[in-house]
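Reader: I would like to go through this structure slowly and ask, for each term, what earns it its name. Could you take me through the reasoning step by step?

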Amino acid sequence: MREYTVTLVPSGRSRPFPEGTILSDALVDMGVPLRTPCGGRGLCRRCRVRLGDDASTEVLACRSVVDRDVRVMVAGASTWEVSPFPGLTRGRRLGAAVDLGTTTVKVALVDVDRGRFHTVASFLNPQRRFGHDVVSRIAAAADLRARDRMTGLIRSALRVCLEKALLASRIDGTTIETVVLSGNTTMLSLFFGLDVSPLGRYPYAAATRDFPGVAPGEVGLDGIVGGEVKGLPVFSAFLGADLVGALTLFGRTSLEGWTLFADLGTNGELFLAAPSGEVFAASCAMGPALEGMNISCGMSADDGAITRIRSTPAGLAFDMMGTGEPAGITGTALVDLIAVLLDARVIRPDGRLDLDGGRGGLPEGLTAAPEGDMKAVGLWGGLRLTQMDIRNVQLAKAAMHAASRLLMDAAGVAPADVRRVVLAGALGEKMDLEGFMRLGFLPPFGGATFEVAGNTSLEAALTACIDPGFAAQAAQARQRVREVVLSEQEAFQDVFISSLDFPGG
Amino acid sequence: MNDSLRLVCEAVDTLDIDGIRDLVQRCLEEGHTPEEIIEHGIGKGLDLVGKKFEAGEYFLADLVMAGEVVKEVMPVLKERMNPVDAPRRQKVILATVEGDIHEIGKNIVGIILSANGYEVVDLGVDVSAGRILQAVKETGAGIVGLSVLLSTMVGGIRTVVEEAKAHGIRDRIKIVIGGACTSRALCEEMGADAYGENAMDALRIVNGFSENA
Ligand code: B12
Ligand code: FES
């Protein structure tokens with residue numbers, strides 16, 4: 001295959017790429033932290049770069065391929081930014097905590113002695129081009145070169161991120177003492193350069209369940225990290241460090257009555273903990289709908305993204321990041337929107353769009369905007385929510401709903417026995433509880449209290465930076481877990497199909 | 001089209017499980033043959049259901065329901081069918097490949113094919129190539145439908161193709177693939193015969209193969 005050279009202007013750095021490489025991929029490979037909030041679908045226009053010495057032509061990097069030698073002006077390009085850790089000074093002991101998500105990566109710096117921390121960056125996992133979910137990545141990793149690329153991509157993205165974070169916090173040149181990573185089993189295994197093929201094959205065994213510290217040089221973080229880089233323990237192929245970490249965090253407070261914990265993500269994870277200490281856990285494949293990735297107007301929280309949608313007496317109102325025309329909507333806004341449309345009966349409980357009759361009809365400002373044969377609701381700035389988008393949300397919510405029902409069945413408890421429900425996940429943070437339950441991601445629990453715990457995966461990694469005993473506690477907490485493998489539950493298909501409907505108005 | 005047949009078509013399309021029996025009965029009383037009813041009433045109705053499914057208007061539960069609606073009247077129609085006239089439709093083997101236990105898609109394909117008069121032999125999920133070929137030999141089926149949802153398990157398709165060659169029966173069977181992680185390109189790569197995007201597509205493909213058989 002032919003190769004062409006991509007040269008960065010003004011630095012002059014260059015590298016050859018095979019013909020047909022997507023330009024945004026090439027730039028990310030070269031360490032340019034280019035933002036691609038819509039996942040490279042040509043929707044958000046945030047990945048614009050200028051080409052040529054005179055920077056005369058502007059293109060969307062995600063929609064351009066390398067088909068000749070190109071010079072790319074990256075100076076004005078929109079790259080993801082890090083947020084400086086306020087009040088940090090040289091000479092402190094520093095740690096870094098990483099939540100390595102399939103779709104989104106979050107990084108925090110930790111002031112170890114003072115127990116303070118600050119989330120410095122959140123960016124889309126650069127491995128995404130190898131597949132949107134863990135299984136596609138495992139499949140892609142069957143090709144060893146692809147596996148090495150995925151490992152290299154995430155390591156260099158982390159390195160770039162940490163360097164930028166130190167620079168922005170005005171302590172560049174300092175070394176970070178320890179890095180602790182949390183995340184699902186596949187992401188951790190790929191980061192540490194391990195064989196992931198057993199994770200994708202029956203019986204889905206995790207060859208490695210512990211990721212003890214390695215020297216920074218082994219994972220491409222030499223120079224910037226002085227001590228060691230480690231991962232939190234995982235339970236199994238699909239119950240990762242995020243779940244074990246959350247369990248450990250909760251193990252520190254006492255549980256009264258049954259607690260259901262649900263971590264939302266491309267791979268959802270749940271546990272149901274008994275007052276006796278017994279824990280039942282399951283994972284469910286939700287897909288990336290809540291991260292905005294299989295939604296036609298979806299994008300991650302970034303400039304141009306609508307992040308919340310509310311019904312007001314004057315019609316629908318929305319919050320948006322940045323200025324200008326909205327470029328897409330995030331998972332949280334998607335949940336808001338569907339809740340509003342359910343209440344307006346524009347979406348029926350079975351998920352169908354009803355645009356012709358519908359009592360009350362479309363809220364002010366929205367229109368019927370079919371796309372070919374498919375019904376769709378026109379939003380703002382040419383965005384629309386299609387019938388298929390709603391179906392993808394239903395698949396995600398049914399996966400979680402069904403998993404929670406089967407988990408309760410396995411443990412022999414009824415929803416009314418659950419005293420406490422905790423929602424977590426990178427999305428959990430901003431998720432509106434009411435909307436979440438309005439869509440029926442979980443069944444109603446008569447008497448339970450609800451909490452939004454935020455990103456417990458990152459929190460577990462943070463805690464481990466501060467408390468050196470945390471990883472050992474996690475390994476211990478893991479012993480209480482009993483995995484309920486949904487695929488082995490005979491009732492799954494019926495429960496899943498009956499979980500697809502939204503709760504009636 | 002005749003009114004009664006159109007009503008049957010409509011009943012399938014609107015998933016009217018309570019109304020379908022009487023409507024079919026009326027067609028039979030008016031002298032329509034079971035084959036006519038299946039083709040012009042039920043078949044057309046299923047086409048409409050399929051179109052709605054493709055546009056996202058109907059969803060999984062609706063497809064399952066459509067299957068139930070058809071099952072409601074199949075016994076009456078089969079009873080009345082003259083064995084000689086009964087369309088000699090092929091047997092179709094369905095299975096989800098080894099290592100993959102997703103079954104909902106395959107089951108829906110099964111429902112649609114049986115509703116359209118095929119004899120479906122469903123081997124279940126996580127089925128080895130060996131068991132599939134054994135079933136081909138035992139049943140004499142000419143079409144094998146393989147469902148795969150996990151990208152890591154697509155190799156199972158090639159195993160079936162290769163084993164069929166090894167057993168010398170590759171040219172006697174058509175291998176159709178489907179499921180979320182499959183594609184036309186994958187079908188070529190694995191040496192299968194056709195790729196179906198959804199249950200209605202599966203029906204079109206199988207119809208095509210059985211007409212040419
Ligand atoms: C339900 C479900 C499950 C259920 C399955 C229950 C069951 N009894 O079938 C359970 C919970 C058990 C499950 C388990 C797993 N799942 Co799952 N699951 C799903 C989910 C949400 C829906 C699948 C489904 O039933 N769709 C509805 C049916 C009707 O659609 P369909 O299967 O595509 O079928 C249609 C067409 O494809 C076609 N078709 C299907 N088969 C055939 C065959 C032929 C011959 C033809 C012509 C056509 C055809 O017609 C059908 C009707 O139109 C999908 C997400 C998704 N969006 O697909 C994930 C998904 C398939 N699962 C996934 C994963 C990763 C898993 C697990 C490995 C891990 C996990 N954490 O859960 C395990 C693996 C178990 C195993 N060994 O197989 C991933 C696969 C990713 C990949 N790239 O491979 C998906 C895509 C979710 C995701 N994005 O992460 N899962
Ligand atoms: S990433 Fe290129 S347009 Fe959104």
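**Names and their reasons**

Author: In this predicted model, domain 1 of chain B and domain 2 of chain B bury about 980 Å² between them, and carbon and sulfur atoms give 76% of that area. The two domains span residues 3-80 and 91-211 in the assignment for chain B, and their centres, taken over C-alpha atoms, are separated by 26 Å. To the contact, domain 1 of chain B brings 12 residues and domain 2 of chain B brings nine residues.

Reader: Which three residues supply 41% of the area that domain 1 of chain B buries against domain 2 of chain B?

Author: They are B:Leu46, B:Glu54 and B:Leu63, and no other three residues supply more.

Reader: Why is the pair B:Glu54 and B:Arg204 called a salt bridge?

Author: The name requires a side-chain nitrogen of Lys or Arg within 4 Å of a carboxyl oxygen of Asp or Glu. The side chains of B:Glu54 and B:Arg204 have an N to O distance of 3.7 Å, which is within 4 Å, and therefore the pair is called a salt bridge. The count between domain 1 of chain B and domain 2 of chain B is one salt bridge, and the count of residue pairs in polar contact, both at pLDDT 80 or more, is also one. On the side of domain 1 of chain B that touches domain 2 of chain B, helix H3 (34-54) and helix H4 (60-80) of chain B are the elements that give two or more residues. By class, that side has eight nonpolar, three polar and one charged residues.

Reader: Where does the assignment place the domains of chain A?

Author: The assignment gives domain 1 (3-73), domain 2 (94-231), domain 3 (241-288 + 392-498) and domain 4 (290-389) of chain A. Between domain 1 of chain A and domain 4 of chain A, the centres over C-alpha atoms are 32 Å apart, while eight residues of domain 1 are in contact with 12 residues of domain 4. These two domains of chain A bury about 780 Å² between them, with 45% of it on carbon and sulfur atoms.

Reader: What makes A:Arg35 and A:Asp302 a salt bridge?

Author: The closest N and O atoms of A:Arg35 and A:Asp302 are 2.4 Å apart, and because the cut-off is 4 Å, the pair meets the rule. Across the interface of domain 1 of chain A and domain 4 of chain A, the rule finds two salt bridges, and it also finds six residue pairs in polar contact, both at pLDDT 80 or more. The side of domain 1 of chain A that touches domain 4 of chain A has four nonpolar, one polar and three charged residues.

Reader: How many residues of chain A and of chain B are in contact with each other?

Author: The contact joins 22 residues of chain A to 19 residues of chain B, and the area buried between the chains is about 1700 Å², of which carbon and sulfur atoms give 65%.

Reader: Why does the pair B:Glu57 and A:Arg352 count as a salt bridge?

Author: The side chains of B:Glu57 and A:Arg352 meet at 2.9 Å, N to O, and this is within the 4 Å that the rule allows, so the pair counts as a salt bridge. The rule finds one salt bridge across the interface of chain A and chain B, and seven residue pairs are in polar contact there, both at pLDDT 80 or more.

Reader: Where does ligand 1 lie, and which residues are closest to ligand 1?

Author: Ligand 1 lies between chains A and B. Among the 41 residues that surround ligand 1, the closest are A:Tyr204, B:His102, B:Glu103, B:Ser147 and B:Ser151.

Reader: What makes the approach of B:Gly179 to ligand 1 a polar contact?

Author: A backbone N or O atom of B:Gly179 lies 3.4 Å from an oxygen atom of ligand 1, and because the limit for such a pair of atoms is 3.5 Å, the approach is a polar contact. A nitrogen atom of ligand 1 is 2.6 Å from an N or O atom in the side chain of A:Tyr204, and a nitrogen atom of the ligand is 2.7 Å from an N or O atom in the side chain of B:Ser147. The shell around ligand 1 divides into 22 nonpolar, 15 polar and four charged residues, and its largest share, four residues, comes from H5(B).

Key
Residues are numbered from 1 along each chain as its sequence is written. Chains are lettered from A and ligands numbered from 1 in the order in which they are written. This is a predicted model: local features need pLDDT of at least 70, side-chain atom pairs count only at pLDDT 80 or more; totals for chains, interfaces and linings use all residues. Side-chain values use heavy atoms; hydrogens and water are left out. Domain bounds come from an automatic or database domain assignment. Contact means heavy atoms within 4.5 Å. Buried area is the accessible area (1.4 Å probe) that two parts lose on being put together, summed over both. A polar contact is a pair of N or O atoms within 3.5 Å; within protein, one must be able to donate a hydrogen and the other to accept it, and residues adjacent in sequence count only if both atoms are side-chain atoms. Ala, Val, Leu, Ile, Met, Phe, Trp, Tyr, Cys and Pro count as nonpolar, Asp, Glu, Lys and Arg as charged, and the others, Gly among them, as polar. A residue is near a molecule or strand if one of its heavy atoms lies within 4 Å of it.
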